[in-house]
Amino acid sequence: MRSARDDDRQVRPTDEDEVAAAGSELIGGPAGKRALPGAGWWTPVRVIVLVAIGMFALGMVQKLPCYEYGWFFGATTQYTHACYSDIPHLYSGRGFDAGLIPYFDRIPQVLSGGMDYLEYPVLTGLFMQIAAWLTPGGGTIQHREQLNWLVNAGMLMACTAVIAVCSARTHRRRPWDALLIALAPAFALTATVNWDLFAVALTAAAMLMWSRGRPALAGVLIGLAAAAKLYPLLLLGPLFVLCLRAGRMRAFAVSTASAVAAWLVVNLPVMLTHDAAGFHIREGWAKFYTFSQERPIDFGSIWLLISQRTGNPLEDANTYVSLLMILGCLALVALGLYAPRRPRFAQLAFLVVALFILTNKVYSPQYVLWLIPLAVLARPKWRDFLIWQACEVLYFLGIWSYLAYTGSGDKHQGLPTEGYQLAIALHLLGTLYLCAVVVRDVLMPERDVVRRDGSDDPSGGVLDGAPDVIALGSAHRPRYAERSDVTSVRWGSGSRP
């Protein structure tokens, strides 16, 4: 029997992870047995937030060559220094500098190069607009774009702090796992490439609220996150499967209704326009969805790799993406219902978002931000996480080097097409590797590092410790812990019946 004191004891990575223990030698080695975790001001959450902000600041320093001149001078300077960002270019390119209102004002082609409305969801557009309002006027356009990037970076730094806090608190006994997020090199490199961190912060907050047994608030945050980026809506799929298996469909219904309501509250004022003929869908609001549907295959995707290798433009990529996504989701449903033990919420959440990215028409470098917090909750193993991060960093360097190669004319300075294809392959294989070890943990729960201390689903909220109501295959058979004729087994603890 575990005591309440044992339940409250924090799991230290240096005690159970050989890579973390080896890395801790840089700061004096693993904590001793008599160390008091969380004592004093230096609690795990505060340490992780400070480290995350420090790494974010280093990522800003990495963009310094572009801040000073790369975004403004030279055709490939921002690529050769690997410091590209959408933020300064879209400040003027989407009419924010000219005072245009997103979704309502059409953008002149001379500014946008053909994009007549902002191609981002509503809450991301609001985030961009607030940053534009906070950007001081006056001076040259270069000066204003620099200031706008700094304002956006400050707001994204706040999002980083939210992600660190929420991720550290989602698994009560494992706050130090969030140190992986804070130290992730791909996080620092891509944090200010785009505005993805806003949606990631809302998603992390939703995961925290679900883990605390507050499905309504979790649903509201999922709806708001989906109004900033589309991918957080995918979290409702794992919740459906897990709540179905655990007989907690009321919690799922509450979360789904709350998500839909929050999404509608944000979108309806921008979505609908009215004239003499009645209400219509606003063209500016729909631009994100039409652009996502019409855009061709793009950088980083499996489809670009296939197209470049075969010479086939893959004009039916939308059909292929949809079919693979449907088949993948069906496989995840089967995994959730047939697994010998109900998967943890974070595991299925990571897998469905990874599936979406891997099958998408584009796998931009900053999409790694969507996966990092989920990956840490799903598989907090330093070796596997760092292998994946190494692949992401190599791709980050590869895509900018490839763009430098294609943009340098006859000079061909950078990574040729074959090298970029290798970078894409490593990029995809790294994500697939992490998916594979998470699936293995689901099928072999004793390999799940989160469950080694006897925990069930620390991020599961109402699912944590709930008995199965619907399970298929061997999963419906009573487990040792659910039978009265054998001794209770603590998964991964080494106990035996």
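**Exercise 1. The nonpolar surface patch**

Identify the residues that form a nonpolar patch on the surface of this predicted model, and state which elements give two or more residues to the patch.

*Solution.* Step 1: the patch consists of V260, L264, L268, L272, F279 and I281. Together, these residues have about 510 Å² of accessible area. Step 2: two or more residues come from each of helix 16 (249–271) and strand 2 (278–281). Step 3: the most is given by helix 16, which provides three residues.

**Exercise 2. L264**

Determine whether L264 is buried, partly exposed or exposed.

*Solution.* Step 1: L264 is found in helix 16. Step 2: its relative accessible area is 32%. Step 3: buried requires under 20% and exposed over 50%, so L264 is partly exposed.

**Exercise 3. The nonpolar cores**

Name the residues with the most contacts inside the largest nonpolar core, then describe the surroundings of F350.

*Solution.* Step 1: the largest nonpolar core has 139 residues, and L197, F350 and V353 have the most contacts inside it. Step 2: with neighbours within four places in sequence left aside, F350 is in contact with L371, L374, A375, A378, L434, C435 and V438. Step 3: a second, separate core has five residues, including W303, L314, A317 and V321.

**Exercise 4. The whole protein**

Summarise the secondary structure, burial and contacts of the protein.

*Solution.* Step 1: the protein has 23 helices and two strands. Step 2: of its 497 residues, 54% are buried. Step 3: among contacts between residues at least 6 apart in sequence, 71% join residues at least 24 apart. Step 4: the accessible surface comes to about 21700 Å², and carbon and sulfur atoms account for 63% of this surface.

How values were computed
Residues numbered from 1 in each chain as written. Predicted model: local features only at pLDDT ≥ 70, side-chain atom pairs only at ≥ 80, totals over all residues. Heavy atoms only, no water. Patch = residues over 30% accessible without salt bridge, like charges linked within 9 Å, V, L, I, M, F, W, Y side chains within 5 Å. Areas by Shrake-Rupley, 256 points an atom, 1.4 Å probe, with all protein chains shown as cover. Salt bridge = Lys/Arg side-chain N within 4 Å of Asp/Glu carboxyl O. Helix = DSSP H or I, 4+ residues; strand = E, 2+ residues; numbered from the N terminus. Buried < 20%, exposed > 50% of the residue type's maximum accessible area, 1.4 Å probe, protein only. Core = buried A, V, L, I, M, F, W, Y, C linked by side-chain atoms within 4.5 Å. Contact = heavy atoms within 4.5 Å.
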